[in-house]
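Thank you for making time this morning. I would like to walk you through a structure that will be new to most of you, so please have a look at it before I go on.

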Amino acid sequence: MLRLWRIVRMGLWLGATVFGGVAAAYPRVRERCAELGNLTPEDVDGLYSLAVVLPGPSFLNLWGAVCARAGGWAGAVVGQVALLLPAMVLVLGLPLLAQVPWFAAHGHGALLGATYGTAGLLVATGIDGLRKQGDRVGLAVTVFGLGALVGGVHPVLVLGLVLVGGALRFARGGVAHDAGKAVSAGRQP
Amino acid sequence: MTLARLFLLVASLNAMALGGGGMMLAGLERELVGGGWITPGDFAAGVALGQSTPGPLAAFTTAIGRAALGLPGALVATAGLVVVSLGAVWVMGWVPLAWFRQARVQGAVALVPPYVTALVLFLALRMVLAGEATRPWLPILVVAGVVIGRVKKVPTPALMLGALGLGMALQEAW
């Protein structure tokens with residue numbers, strides 16, 4: 001019961017404070033996954049890869065998978081509902097404000113400001129991600145990924161290429177930083 | 001359009017859309033706007049509202065469901081998202097965590113964080129470019145303000161309220 005409450009609390013927190021979908025949520029889920037169970041950041045990397053390539057909203061998929069690992073099916077369902085709840089309240093409640101003349105007159109500007117605000121939060125998250133990348137390979141992957149996405153390549157295909165790149169790099173002996181840490185920590189089964 | 005048909009529409013489009021809920025936008029627009037169930041303006045407003053609220057970007061489905069069939073439509077459309085996602089969660093549940101912890105799998109997923117950084121920056125770029133072309137300084141001003149606020153550790157809700165207020169004030173001023 002305590003674990004379900006923790007899932008609900010974290011789901012509401014993510015649902016109310018993360019703007020920009022799964023890409024913005026991923027660093028936070030990765031940082032705080034240990035609070036929900038025995039998940040490691042590397043487990044979240046793997047779950048994220050699956051969440052994106054499977055059907056359904058990636059954010060719901062990732063969060064549902066994390067919650068299922070922590071609290072079973074009940075955890076997955078309450079976690080997803082908690083994640084969606086803040087957005088649902090806003091999406092259903094904000095149009096009611098449009099009936100107030102003052103809000104109706106300023107609604108367009110507010111929506112534009114909120115959209116650009118979300119873009120600003122995404123930029124801040126991106127800058128944070130760039131700062132945390134310790135090597136040139138990470139930077140090269142970011143530049144490649146950004147170029148491919150801007151060029152119109154499907155995000156799942158780009159992710160697939162990144163995973164293949166990571167596997168080739170590992171096969172050639174360039175053990176990735178996180179993988180190296182995990183192996184040295186004795187977590188390999 | 002009935003509630004059952006809306007549910008099946010959202011669930012089926014969602015089940016076929018790989019890469020996130022945003023991938024089903026085109027299908028929803030074709031069915032709902034093309035079928036005359038909601039106006040193009042309501043559809044665009046629903047998408048903008050869903051993308052500027054916190055949580056999953058697919059929250060636009062709730063807004064579009066509301067525009068089509070009111071509160072029951074919003075709930076049914078959201079249920080269509082959750083059902084498909086629970087199916088994906090079920091599939092992911094079959095993958096043992098031990099698999100993710102193999103060195104070779106960790107080697108493959110080690111480059112996922114830099115990819116997500118690229119995706120985040122791409123989404124930001126797309127949101128900025130989708131806005132008004134007549135006032136290009138407006139997104140620059142809001143984005144720069146939010147980034148500086150984030151560096152100064154201003155809480156996210158306060159930053160979003162600030163961006164919202166700035167958008168309203170600037171709309172009035174110009």
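The C-alpha centres of domain 1 and domain 2 of chain B lie 24 Å apart, and I should say at once that what we are looking at is a predicted model. Domain 1 of chain B covers residues 3-94, while domain 2 of chain B covers residues 108-173. Taken along the principal axes, the C-alpha atoms of chain B fill a box of roughly 55 × 50 × 25 Å.

Let me stay with chain B for a moment. Its secondary structure consists of nine helices and zero strands, so that anyone reading along the sequence meets the pattern α-α-α-α-α-α-α-α-α. Chain B has 174 residues, and 52% of them count as buried. If we take the contacts in chain B with a separation of 6 or more, 51% of them are accounted for by residues 24 or more positions apart.

Two places towards the end of chain B can serve as landmarks. Ile148(B) lies in helix H8 of chain B, and with a relative accessibility of 51% this residue counts as exposed, because the cut-off for that label is over 50%. Between the C-alpha atoms of Ile148(B) and Leu159(B), which are 11 residues apart along the chain, the separation is 9.9 Å. The second landmark is Lys153(B), which sits in the loop between H8 and H9 of chain B. Lys153(B) is not a glycine, and yet its phi is positive, at about 65 degrees; at 73% relative accessibility, Lys153(B) also counts as exposed.

Now to the partner. Chain A comes to eight helices and zero strands, and from the N terminus on its elements run α-α-α-α-α-α-α-α. Buried residues make up 49% of the 189 residues in chain A, and, among the contacts in chain A with a separation of 6 or more, 53% are between residues 24 or more positions apart.

How do the two chains meet? The contact takes 89 residues from chain B and 107 residues from chain A, and the area buried between chain B and chain A is about 8,500 Å², with carbon and sulfur atoms giving 77% of that area. On the side of chain B, the residues that lose the most area to chain A are Met92(B), Arg101(B) and Tyr115(B), which together make up 9% of what that side buries.

What kinds of polar pairing does the rule find across this interface? There are nine residue pairs in polar contact between chain B and chain A, both residues being at pLDDT 80 or more, whereas the number of salt bridges found across the interface is zero. Several helices of chain B each supply at least two residues of the side that touches chain A, including helix H1 (3-16), helix H7 (112-129) and helix H9 (156-173). The most is given by H4(B), with 18 residues. Sorted by character, the residues on the side of chain B that touches chain A divide into 61 nonpolar, 21 polar and seven charged.

Where, then, is the salt bridge that the structure holds? Over all chains there is one, and Asp45(A) forms it with Arg30(A), the closest N and O atoms being 2.7 Å apart. This pair links distant parts of the chain, since Asp45(A) is in helix H3 (residues 41-53) of chain A and Arg30(A) is in helix H2 (residues 22-32) of chain A, 15 residues apart. Are these two partners buried or exposed? Asp45(A), at 1% relative accessibility, counts as buried, and Arg30(A), with a relative accessible area of 19%, is buried as well, because the label applies under 20%.

I will finish with a neighbour of that pair in helix H3 of chain A, namely Ser49(A). A polar atom of the side chain of Ser49(A) lies 3.0 Å from the backbone oxygen of Asp45(A). Ser49(A) itself counts as buried, at 8% relative accessibility. If we leave aside its neighbours within four places in sequence, Ser49(A) is in contact with Leu159(A) and Leu163(A) and also, from the other chain, with Val109(B) and Val112(B).

Terms used:
Residues are numbered from 1 along each chain as its sequence is written. Chains are lettered from A and ligands numbered from 1 in the order in which they are written. This is a predicted model: local features need pLDDT of at least 70, side-chain atom pairs count only at pLDDT 80 or more; totals for chains, interfaces and linings use all residues. Side-chain values use heavy atoms; hydrogens and water are left out. Contact means heavy atoms within 4.5 Å. Buried area is the accessible area (1.4 Å probe) that two parts lose on being put together, summed over both. A salt bridge is a side-chain nitrogen of Lys or Arg within 4 Å of a carboxyl oxygen of Asp or Glu. A polar contact is a pair of N or O atoms within 3.5 Å; within protein, one must be able to donate a hydrogen and the other to accept it, and residues adjacent in sequence count only if both atoms are side-chain atoms. Helices (H or I, at least four residues) and strands (E, at least two) are DSSP runs, numbered from the N terminus. Ala, Val, Leu, Ile, Met, Phe, Trp, Tyr, Cys and Pro count as nonpolar, Asp, Glu, Lys and Arg as charged, and the others, Gly among them, as polar. Domain bounds come from an automatic or database domain assignment. Buried means under 20% relative accessible area, exposed over 50%, partly exposed in between (1.4 Å probe, protein chains only).
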